[in-house]
Amino acid sequence: MDAKQEKSKQRYILVVEDEEDIVKLLSFHLEKEGYRVESRGNGREALELIQDKLPDLIVLDIMLPEMDGLEVCRRLRGNQKTASIPILILSARNEEFDKVLGLELGADDYMVKPFSVRELVARVRAMLRRLEQQGQPARENEAEEVLTLSGITLYPEQHRVTVNDEAKTLTHKEFLLLHLLMANAGKVLTREILLDKVWNYEVEVDTRTVDVHIRYLRQKIEPDPANPIYIETVRGVGYKFKVDRGTYHLSTFLVVPLLNLLSYLSISILVDKWYVPLSTCGG
């Protein structure tokens with residue numbers, strides 16, 4: 001077993017799928033990569049297992065007996081203990097509505113059956129690599145510092161966001177998107193850059209994935225999502241976090257007059273100290 005497999009063997013993947021042939025296929029190829037794989041055939045059993053043993057990643061079918069995959073996803077994202085587990089939805093539903101719904105409920109990715117096993121393994125590998133990168137200690141004074149811009153405060157280590165002191169609940173990918181945009185405030189980031197930095201894929205992915213996540217991120221942080229004041233769309237290119245110019249104007253209005261006042265006081269003190277009335281000079 002090579003070094004890559006030895007490292008990935010530490011990662012535990014749960015496959016939630018009721019089609020036995022697909023379970024066997026996924027298990028074979030994921031175990032071949034060195035991952036530890038376990039499976040469950042319905043949603044309720046999967047949730048019970050997850051409460052006892054947290055997986056590093058979940059491959060989740062939508063059409064499941066007893067409890068469907070969308071409800072499983074919703075419950076996982078609503079539980080602080082499981083909210084950050086990467087979820088890859090695997091489904092026969094190919095309609096855009098189903099994809100949007102799955103992403104809205106917090107899935108990190110969505111693949112349609114029939115699927116390429118090589119592509120699925122590549123996506124799993126990329127998602128877990130991203131997990132490993134996030135688990136590395138932050139370099140001094142770098143990405144893990146708290147970011148505050150235009151009333152939004154993002155706490156990377158706590159995975160927490162507030163907008164005007166009001167806490168907001170974001171999915172894992174929404175949080176990563178906001179973090180990247182705020183860290184590059186004022187700069188336009190293309191959809192391809194966002195896909196690479198947030199999803200870190202080794203395969204080509206539809207850029208609409210970014211648009212869907214941005215749409216739902218706006219619904220959570222923007223006062224009026226139809227007229228965003230934080231995340232601006234640069235048509236045909238990508239997105240940027242708008243810098244609040246009012247902040248700089250406010251600084252100008254406050255700091256400059258203060259400096260002028262200090263300058264005036266300094267001059268007054270010097271004049272009082274060195275000024276000699278003409279009457280005392282024998283004139």
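The exercises below, each with a worked solution, deal with one helix and with several salt bridges in a predicted model.

**Exercise 1. Helix H5 and its surroundings**

Find which residues of helix H5 are buried, and state which elements these buried residues pack against.

*Solution.* Begin with the helix itself, which covers residues 96-104, and look there for the buried positions, which are Asp98, Val100, Gly102 and Leu103. Next, follow the contacts of these buried residues outward, and you will arrive at helix H4 (69-77), strand S4 (87-91), strand S5 (109-112) and helix H9 (208-221). Finally, move along the chain to the stretch just after H5, where Gly106 takes a positive phi of about 115°.

**Exercise 2. The pair Lys113 and Glu19**

Describe the salt bridge between Lys113 and Glu19, and decide for Lys113 whether the residue is buried or exposed.

*Solution.* A general idea helps at the start: side chains of opposite charge can pair when their charged atoms come close. In this structure, the side chains of Lys113 and Glu19 meet at a distance of 3.4 Å from N to O. The pair links distant parts of the chain, since Lys113 sits in the loop between S5 and helix H6 (117-135), while Glu19 sits in the loop between strand S1 (12-16) and helix H2 (20-32), 94 residues apart. Now turn to accessibility: buried means under 20% relative accessible area, and Lys113 has 14%, so Lys113 counts as buried. Glu19, with a relative accessible area of 40%, is partly exposed. As a last step, look beyond the pair, and you will see that Glu17, Glu19, Asp61 and Lys113 are linked in a network of salt bridges.

**Exercise 3. The pair Glu38 and Lys53**

Work out which parts of the chain are tied together by the salt bridge of Glu38 and Lys53.

*Solution.* First take the distance, which is 2.9 Å between the closest N and O atoms of Glu38 and Lys53. Then place the partners: Glu38 belongs to strand S2 (residues 36-40) and Lys53 to the loop between helix H3 (43-52) and strand S3 (57-61), so the bridge joins parts that are 15 residues apart in sequence. Glu38 is partly exposed at 21%, and Lys53 is partly exposed at 32%.

**Exercise 4. The pair Glu174 and Lys220**

Locate the salt bridge between Glu174 and Lys220, and say how accessible Glu174 is.

*Solution.* The closest N and O atoms of Glu174 and Lys220 are 2.7 Å apart. Because Glu174 lies in helix H7 (residues 172-183) and Lys220 in helix H9, the pair ties together parts that are 46 residues apart in sequence. Glu174 has 1% relative accessibility and therefore counts as buried, whereas Lys220 is partly exposed at 28%.

How values were computed:
Residues numbered from 1 in each chain as written. Predicted model: local features only at pLDDT ≥ 70, side-chain atom pairs only at ≥ 80, totals over all residues. Heavy atoms only, no water. Buried < 20%, exposed > 50% of the residue type's maximum accessible area, 1.4 Å probe, protein only. Helix = DSSP H or I, 4+ residues; strand = E, 2+ residues; numbered from the N terminus. Contact = heavy atoms within 4.5 Å. Salt bridge = Lys/Arg side-chain N within 4 Å of Asp/Glu carboxyl O.
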